[in-house]
Amino acid sequence: MSLIPSFFGGRRSNVFDPFSLDIWDPFEGFPFSGTVANVPTAARETVAFASARIDWKETPEAHVFKVDLPGIKKEEVKVEVEEGRVLQISGERSREQEEKDDKWHRLERSSGKFLRRFRLPENTKMEEIKAAMENGVLTVTVPKMEEKKPEVKAIDISA
């Protein structure tokens with residue numbers, strides 16, 4: 001139960017909740033207002049999900065990307081490689097259908113499209129990239145070419 005009545009409208013349940021994504025704008029409706037509250041809801045949702053969290057590590061054998069995508073099916077994710085060694089990971093989380101009689105108390109899970117792009121180093125094997133999805137984590141493995149070690153030729157020293 002909220003401590004403060006909902007004078008501010010919307011889904012906000014508590015103005016003191018630091019984790020609430022709902023933002024009350026005292027200037028809402030004024031022509032000079034340029035805050036997040038005036039951005040359409042769909043745009044806010046897209047922004048909230050646009051930056052899917054990604055870890056990129058380099059091992060001696062490969063570059064490994066791990067993306068947290070909870071609740072997304074592998075069919076809803078695309079992994080592509082563009083010209084110029086650009087790895088692109090994109091997808092969309094659909095918004096849950098709202099029923100006419102539903103009363104939402106909180107809506108914190110983000111929905112919308114996401115897109116992340118990475119320029120891969122020159123030492124990658126572009127034709128051997130693999131992707132796997134398990135427990136809401138997408139793992140993209142980009143193998144590296146073996147580094148050519150310069151040949152070292154020993155020179156005998158004459159006396």
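## Starting at a hairpin

Strand 1 and strand 2 are linked by a hairpin with three residues in the connection. Strand 1 covers residues 54-58, and its antiparallel pairing with strand 2 runs over five bridges. One of the facing pairs puts Glu58 across from His63 in strand 2. Keep in mind throughout that this is a predicted model.

## The overall layout

Let's step back to the whole chain. It holds one helix and seven strands, and reading from the N terminus the order is α-β-β-β-β-β-β-β. There are 159 residues in the protein chain, and 24% of them count as buried. As for how contacts spread along the sequence, take those between residues at least 6 apart: 51% of them join residues at least 24 apart.

## How far to trust it

The average pLDDT for the protein chain is 76, with 68% of the residues at 70 or above. Two stretches deserve some caution. Over residues 1-15 the pLDDT stays under 50, and the model has 16 contacts beyond four places in sequence for that stretch. Residues 17-24 also stay under 50, with twelve such contacts in the model.

## His63 in strand 2

Back to the hairpin, and to a residue already met. His63 sits in strand 2. Is His63 buried or exposed? With a relative accessible area of just 1%, which is under the 20% cut-off, His63 counts as buried.

Its side chain has a polar contact too: the partner is the side chain of Trp56, at 3.2 Å. Setting aside residues up to four places away in sequence, His63 touches a long list of others. From the strand 1 hairpin side come Trp56, Lys57 and Glu58. Further along the sequence, His63 touches Pro121, Asn123 and Thr124, and then Val140, Thr141, Val142 and Lys144.

## The three-stranded sheet

Strands 3, 4 and 5 make an open sheet in the order 3-4-5, paired antiparallel. Strand 3 (77-82) and strand 5 are the edge strands; each has a single partner, so one side of each lacks a neighbour in the sheet. From one strand to the next, the twist averages 15°.

On one side of strand 4, six bridges tie this strand to strand 3, and the two run antiparallel. Val77 has Gly91 of strand 4 as its bridge partner. The hairpin between strand 3 and strand 4 has three residues between the strands, and there Gly84 adopts a positive phi near 85°.

The pairing of strand 4 with strand 5 is antiparallel as well, over eight bridges. Gly91 turns up again here, standing opposite Phe114 in strand 5. Another facing pair is Gln88 with Arg117 in strand 5. How many of the eight residues of strand 4 are buried? Seven are, so strand 4 is largely enclosed by the rest of the structure.

## The nonpolar core

Nonpolar side chains tend to be buried together in soluble globular proteins. In this model, the largest nonpolar core has 15 residues, and Phe65, Leu69 and Ile89 have the most contacts inside it. Four strands each supply at least two residues of this core: strand 2 (62-68), strand 4 (86-93), strand 5 (112-119) and strand 7 (137-143). Which strand gives the most to this core? That is strand 7, with three residues.

Leu69 is a handy residue for looking around this part of the model. Neighbours within four places in sequence aside, Leu69 is in contact with Ala52, Val77 and Arg93, and also with Phe114, Met133, Gly136 and Leu138. Two of these names should be familiar from the sheet: Val77 is the bridge partner of Gly91, and Phe114 stands opposite Gly91.

## A backbone oddity at Asn135

One last stop is Asn135, in the loop between strand 6 (130-134) and strand 7. Asn135 takes a positive phi of about 55° despite not being a glycine. Is Asn135 buried or exposed? Its relative accessibility is 76%, so with the cut-off for exposed at over 50%, Asn135 counts as exposed.

Key
Residues numbered from 1 in each chain as written. Predicted model: local features only at pLDDT ≥ 70, side-chain atom pairs only at ≥ 80, totals over all residues. Heavy atoms only, no water. pLDDT = per-residue confidence, 0-100. Contact = heavy atoms within 4.5 Å. Core = buried A, V, L, I, M, F, W, Y, C linked by side-chain atoms within 4.5 Å. Buried < 20%, exposed > 50% of the residue type's maximum accessible area, 1.4 Å probe, protein only. Pairing = 2+ DSSP bridges. Axes fitted to C-alpha atoms, helices over the stretch in contact; angles between N-to-C directions. Polar contact = N/O pair within 3.5 Å; in protein donor to acceptor, adjacent residues only side chain to side chain.
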